[in-house]
Amino acid sequence: MKAPHRTTAGRSRRIITRTVLGLALVAVPATAYATNAPAEHVSSHATRHVATAATGLDDPAKKEIAMKLVSSAENSSLDWKAQYKYIEDIGDGRGYTAGIIGFCSGTGDMLDLVKLYTDREPGNPLAKYLPALEKVNGSDSHSGLGSAFESAWKTAAKDTAFQTAQNDERDRVYFNPAVKQGKTDGIGVLGQFAYYDAIVMHGDGDDSTSFSSIRKRALAKAKTPAQGGNETTYLNAFLDARVWAMQQEEAHSDTSRVDTEQRVFLKNGNLDLHTPLSWKVYGDPYSIS
């Protein structure tokens with residue numbers, strides 16, 4: 001059951017492209033890392049680069065932390081694996097929002113997910129809803145879906161094949177592109193997470209609040225470490241740009257997932273998300289030991 005205080009600010013709302021995010025990538029020099037971390041934590045630029053190369057957000061332990069951080073904002077819970085079965089219309093104009101990352105019936109990513117699931121398991125409970133999902137894509141309509149579709153989603157969520165499909169689509173569309181771009185920009189685990197959280201909420205595309213536009217807005221204020229800039233300075237610029245993007249839509253107007261989560265870690269100099277972690281989202285406290 002969803003937390004009773006949940007608002008539309010707590011689920012993904014974005015218009016996404018129907019293809020893998022096209023992020024321009026450039027080579028990262030081996031000495032491109034800049035940091036504000038205390039000397040006792042980082043002895044040299046080279047040391048930090050080696051450590052980050054070995055442990056990015058795609059490290060299994062760090063990825064688990066990322067899933068919990070996003071779930072605290074998206075689901076008011078650290079138990080992200082309990083969200084495979086989640087489905088509801090939160091009234092944000094994107095139709096149904098469902099699953100571990102907020103796949104939406106009105107934005108295309110739910111359709112892509114069900115197509116992938118059906119390719120892998122043709123007789124699944126959601127396969128027969130593909131025509132309806134095609135028709136409602138781009139709208140908030142429930143035509144051809146409704147309570148029967150909601151029940152079918154919850155039934156499918158018990159299937160490990162559907163859980164795997166959710167994981168794979170999350171990684172393909174959101175997680176992997178964010179980590180790849182983050183590593184290209186020379187930012188560490190926290191920065192890669194900031195990219196991932198931004199893509200989850202805003203998607204990517206040509207609009208002014210997409211991930212790419214947020215990144216461009218940040219680049220107008222600061223250089224990435226790969227460009228010779230300071231990591232903390234750049235991440236502050238990115239989070240400033242992210243807050244601006246969130247404020248452009250009422251559903252995103254609560255910026256606590258930045259203000260009392262990501263900025264807390266940044267102010268503490270915790271650029272690699274070392275545990276223990278403590279933060280708040282929408283006023284609720286969370287911690288990972």
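1. Let's start in the middle. The largest nonpolar core takes in 75 residues, and the ones with the most contacts inside it are Met110, Leu126, Phe149, Trp153, Tyr196, Phe238 and Leu273. Helix 7 supplies the largest share of this core, with 10 residues. As background, nonpolar side chains in soluble globular proteins tend to be buried together.

2. Before going further, a word on trust: this is a predicted model. The average pLDDT of the protein chain is 85, and 81% of the residues score at least 70. The part to watch is residues 1-54, where the pLDDT is below 50. In the model that stretch still has 129 contacts beyond near neighbours in sequence, and I'd read those with the low score in mind.

3. Now the overall picture. The protein chain has 10 helices and 5 strands. Of its 289 residues, 56% are buried. Among contacts with a separation of 6 or more, 65% are between residues 24 or more positions apart. The accessible surface of the protein chain is about 12,100 Å², with 52% of that belonging to carbon and sulfur atoms.

4. Leu126 is a good residue to click on. Leaving out residues up to four places away in sequence, leucine 126 touches Val114, Tyr117, Phe149, Ala152, Trp153, Ala156 and Phe162. Several names on that list come back in the next point.

5. Which residues of helix 5 are buried? In this helix, residues 146-156, they are Gly146, Phe149, Ala152, Trp153 and Ala156. Looking down the axis of helix 5, you find these buried residues within an arc of 105°, so they line one face of the helix. The cover over them includes strand 1 and strand 2, along with helix 3 (109-120), helix 4 (130-136) and helix 6 (160-184).

6. Strands 1 and 2 also belong to a sheet. It is an open one of 3 strands in the order 1-2-3, paired antiparallel. Strand 1 (87-89) and strand 3 (103-104) are at the edges with a single partner strand each, so one side of each has no neighbour in the sheet. Strand 1 is joined to strand 2 (residues 96-98) by 3 bridges, and glutamate 88 sits opposite threonine 97 of strand 2.

7. Strands 4 and 5 make a hairpin with 2 residues between them. Tyrosine 282, in the turn, has a positive phi of about 55°. The two strands run antiparallel and are joined by 5 bridges, strand 5 being residues 284-288. One pairing to look at is lysine 280 with its bridge partner in strand 5, proline 285.

8. Helix 10 (residues 256-267) has a mixed set of buried residues, by the names: Ser256, Arg257, Val258, Glu261, Gln262, Arg263, Phe265 and Leu266. What covers them includes helix 2 (60-74), helix 7 (189-202), helix 9 and strand 4 (277-281). After helix 10 comes glycine 269, with a positive phi near 70°.

9. Last, glutamate 231: buried or exposed? Glutamate 231 is buried, at a relative accessible area of 0%. You'll find this residue in helix 9 (residues 231-246). Its C-alpha atom is 8.7 Å from that of leucine 271, although glutamate 231 and leucine 271 are 40 residues apart along the chain.

Terms used. Residues are numbered from 1 along each chain as its sequence is written. This is a predicted model: local features need pLDDT of at least 70, side-chain atom pairs count only at pLDDT 80 or more; totals for chains, interfaces and linings use all residues. Side-chain values use heavy atoms; hydrogens and water are left out. Helices (H or I, at least four residues) and strands (E, at least two) are DSSP runs, numbered from the N terminus. Buried means under 20% relative accessible area, exposed over 50%, partly exposed in between (1.4 Å probe, protein chains only). Two strands pair if DSSP finds at least two bridges between them. Contact means heavy atoms within 4.5 Å. Accessible areas come from the Shrake-Rupley method with a 1.4 Å probe; for residues, only the protein chains shown count as cover. The arc is that of the directions from the helix axis to the C-beta atoms. A nonpolar core is a set of buried Ala, Val, Leu, Ile, Met, Phe, Trp, Tyr and Cys residues joined through side-chain atoms within 4.5 Å. pLDDT is the predictor's confidence in each residue, from 0 to 100.
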